Amino acid sequence: MRPANIIAEQNHPLAIPLRAAPGTLLAPSPRLGNSTRTVVRSLTVMQKEALISEANSDRTWRLLSDEGAYLNGHDEAPPPLAYLSAGMVASYLNEIHALADIRQIEIDDIEIIQDNFYSMNGSFAKGTMTASAHDIELKAKIKSRHDSDTLRSLILDSIASSPLNGLMRGAKESLFRLCHNGSEIGISNGKEIAAPLLPAFDDEKFDIMEGDWDAVIEHTRQPSPIMEDTTTFAGGALTETQNRMLHLRVHAKRQPDGIVKIRQHVYNPHGSAFHFTSDEAGRAPSAAALISAGIGFCFMTQFGRYAAMIKKPLKSYQIIQDFHFSRGGATGKTGKAGEAAPLETHVHIQSDESDSFAKTMLEVAEQTCFLHAFCRTPLKAKLKISSLGSGLID
């Protein structure tokens, strides 16, 4: 039986700012300059909600995620990987514009086209199914009087100064705490968080802030184009053995008022197109909020996917994810490359199964999570520059 479509039933905007009572959901004290705390809870098997609090912001955002037909989802909200792509390109554009101001480089217009790639390989039954992340491809279309060397240096330095660079540079093995049926249980492989377990979260003290939030994240109700690499359709991400590549693309521009507008497509597996808005002044989720939500959503998807494939339903499950990262090298005026600490995730599972089952579920979820793979894999951004309205200039 297909799960209920909770997101459609609630009929709320896909992104809503919340007003919280003091102390209800606080980001941890920043270790590197900024931090987020993200609570992700399951609404149904594939539908999820995230509550994100950022240390350097007075806003808490509620964001929603769903999966498409490839995971038997209802396709009511963006998939997890779309959130990371949107947050990444927003962070890059913020750094590019800030660094251009610092270097007095005039940019009349710029559009970033970003392609993100992931893969899933192996057998679920044999325990070899593993997610991987691959290098990012960036195309910058620029209208500027400056030469290509100046512009290339600007963009490459901006990418390095993004806080996301801290997750892409080197290998960041995630850390965890695990609670099963109300009791903490240990985990193996030396991946335990040094700090105590955070309790499961209850958001009863939140109120929705009034406003028109429908356009912050917008479902276009249009499918992404079918490309040459589009090979996965309905149910294709639930097969026992997999050898497939995932491909997402975003187009983004930053408006003069600082708001970043993003168009997103999921090419493989085949999914819908969504529009995102990002803003560092609180009018929409920040780049860090989108990135944090994407990682948390992706991790939570793997729990639901695992339970669905072994046909052992969970009563409830929730994660609390802390992310520590630096201020941007340009936006934060640090003049340094972006830094990030390993993610710290507290997992709460309620089930009728054994503690061993909960431990295995955590291990499989981490192994098959594309965005935990993103964190533990050294990645590069491959850059091409062109002039708006003409061909390549590099």
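Helix 5 is mostly covered, with 22 of its 24 residues buried; buried means under 20% relative accessible area, exposed means over 50%, and partly exposed lies in between (1.4 Å probe, protein chains only). Helices (H or I, at least four residues) and strands (E, at least two) are DSSP runs, numbered from the N terminus.

The model you are looking at is predicted: local features need pLDDT of at least 70, side-chain atom pairs count only at pLDDT 80 or more, and totals for chains, interfaces and linings use all residues. Residues are numbered from 1 along each chain as its sequence is written, and side-chain values use heavy atoms, with hydrogens and water left out.

How far apart are the end C-alpha atoms of helix 5? They are 35 Å apart, which agrees with the 34 Å that the 24 residues (287–310) should span at 1.5 Å a residue. The expected span is 1.5 Å times one less than the number of residues. Just after helix 5 comes Lys311, whose phi is positive, near 60°.

Now for the strands. Strands of a sheet pair through backbone hydrogen bonds, either parallel or antiparallel. Here, two strands pair if DSSP finds at least two bridges between them. One open sheet has 9 strands in the order 9-8-16-15-2-3-4-1-10, with mixed pairing. Strand 9 (183–185) and strand 10 (207–208) stand at its edges with a single partner strand each, so one side of each has no neighbour in the sheet.

Three antiparallel pairs are set out here.

| Strand pair | Bridges | Facing residues |
|---|---|---|
| Strand 3 (residues 48–54) and strand 4 (residues 60–65) | 6 bridges | Ala50 and Leu63 |
| Strand 11 (residues 217–223) and strand 14 | 4 bridges | His219 and Phe274 |
| Strand 13 (residues 260–268) and strand 14 | 5 bridges | Lys261 and Thr277 |

Strand 14 (residues 272–278) has 6 of its 7 residues buried, so the rest of the structure largely encloses it. Strand 13 and strand 14 form a hairpin, with 3 residues between them.

Finally, meet Arg37, found in strand 2 (residues 33–42). Is Arg37 buried or exposed? Arg37 counts as buried because its relative accessibility is 17%. A polar atom of the Arg37 side chain lies 3.4 Å from the backbone oxygen of Leu26. Contact means heavy atoms within 4.5 Å. Not counting residues up to four places away in sequence, Arg37 touches several residues, including Leu25, Leu51, Leu198 and Asp322.

Technical notes:
Polar contact = N/O pair within 3.5 Å; in protein donor to acceptor, adjacent residues only side chain to side chain.
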